[in-house]
Amino acid sequence: FSEYFFSTSPIYWCLRALGVDLLHSYQGWIIGCCVLNFVAFYALARRVFTFAASWSAMGAYVFTFALPRLMQFGHSQLIAQFFVILSAFGALRWWRDPRSKRAPVLFFMGATLQLLNCFYFFWFWAWVLVIYAAYVGFSRPRRAVFRDWFAQVPKWWPLQVLVGCALIASPFLYHYLLVAREFGMRNWLVI
């Protein structure tokens with residue numbers, strides 16, 4: 001499959017526009033993505049989970065520089081994961097305040113921007129949400145809590161944001177279909 005790097009490529013573009021050569025621009029892109037991974041996770045741990053600054057920094061460090069992530073430097077599309085964290089930030093904020101207008105935007109735009117960068121992390125994030133939805137569906141007490149939450153959500157706003165994100169992503173999804181048509185679908189056991 002091909003990856004876009006569309007949502008993280010402005011880092012690289014800016015460095016190239018400043019006259020930085022190819023290799024150093026790529027290194028700057030990697031450093032920029034690592035910084036954004038760290039900042040995003042730190043903000044999630046600090047603002048949503050209200051951990052102390054030191055614990056948030058340690059968690060952000062492990063999230064950004066853990067050995068499994070460093071081993072993926074040969075697969076550049078797996079470096080930037082801060083959009084999933086942005087989406088999780090929006091989801092958790094939305095859960096705490098169902099009437100929020102900004103939280104669904106963060107949730108859906110974070111997921112869309114992740115799709116525009118790397119399909120795999122988007123796909124994994126989507127599966128996390130599907131598994132959680134199944135858990136909620138099979139858990140009677142959770143179902144009641146979710147029903148109460150959903151009753152407070154403004155009915156059209158999240159749908160409008162979702163449709164907007166789908167429209168933004170549709171040309172890119174079409175590209176994936178063209179690539180799959182030309183090269184065939186990959187076996188998930190190979191991946």
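This passage walks through the overall build of the chain, its two largest pockets and a nonpolar patch on its surface.

The model is a predicted one. Its protein chain holds nine helices and zero strands, so read from the N terminus the order of elements is simply α-α-α-α-α-α-α-α-α. Taken along the principal axes, the C-alpha atoms fit in a box of roughly 55 × 50 × 35 Å. The chain has 191 residues, and 34% of them count as buried.

Next come the pockets. The largest pocket has a volume of about 690 Å³, and 20 residues line it. Those nearest its centre are Ala-91, Phe-107, Leu-129, Tyr-132 and Phe-146. Four elements give two or more residues to this lining: helix 5 (82-96), helix 6 (102-117), helix 7 (119-138) and helix 8 (140-152). Helix 7 is the biggest contributor, with six residues. As for chemistry, the lining of the largest pocket is made up of 19 nonpolar residues and one charged residue, with no polar ones.

The second largest pocket takes up about 250 Å³ of space. Its lining consists of 14 residues, and Phe-108, Ala-111, Thr-112, Phe-122 and Leu-162 are the ones that lie nearest the centre. Helix 6, helix 7 and helix 9 (157-183) each give two or more residues to this second lining. Helix 6 and helix 7 thus turn up here as well as in the list for the largest pocket. Sorted by class, the lining of the second largest pocket has 13 nonpolar residues, one polar residue and no charged ones.

That leaves the outside of the chain. On the surface, Tyr-61, Val-62, Phe-65, Leu-67, Leu-70, Met-71 and Phe-73 form a nonpolar patch, and together they have about 690 Å² of accessible area. Helix 3 (53-65) and helix 4 (67-70) each supply at least two residues of the patch, and helix 3 has the largest share, with three. Phe-73, one of the patch residues, sits in the loop between helix 4 and helix 5. Is Phe-73 buried, partly exposed or exposed? Its relative accessibility is 30%, so Phe-73 counts as partly exposed: buried would mean under 20% and exposed over 50%.

Conventions
Residues numbered from 1 in each chain as written. Predicted model: local features only at pLDDT ≥ 70, side-chain atom pairs only at ≥ 80, totals over all residues. Heavy atoms only, no water. 1 Å grid on protein atoms, 1.4 Å probe; cavity = no way out; pocket = protein on both sides within 12 Å on 5 of 7 lines; lining within 4 Å. Points joined across faces, edges and corners; volume = space filled by probe spheres on them. Nonpolar A, V, L, I, M, F, W, Y, C, P; charged D, E, K, R; others polar. Patch = residues over 30% accessible without salt bridge, like charges linked within 9 Å, V, L, I, M, F, W, Y side chains within 5 Å. Areas by Shrake-Rupley, 256 points an atom, 1.4 Å probe, with all protein chains shown as cover. Salt bridge = Lys/Arg side-chain N within 4 Å of Asp/Glu carboxyl O. Buried < 20%, exposed > 50% of the residue type's maximum accessible area, 1.4 Å probe, protein only.
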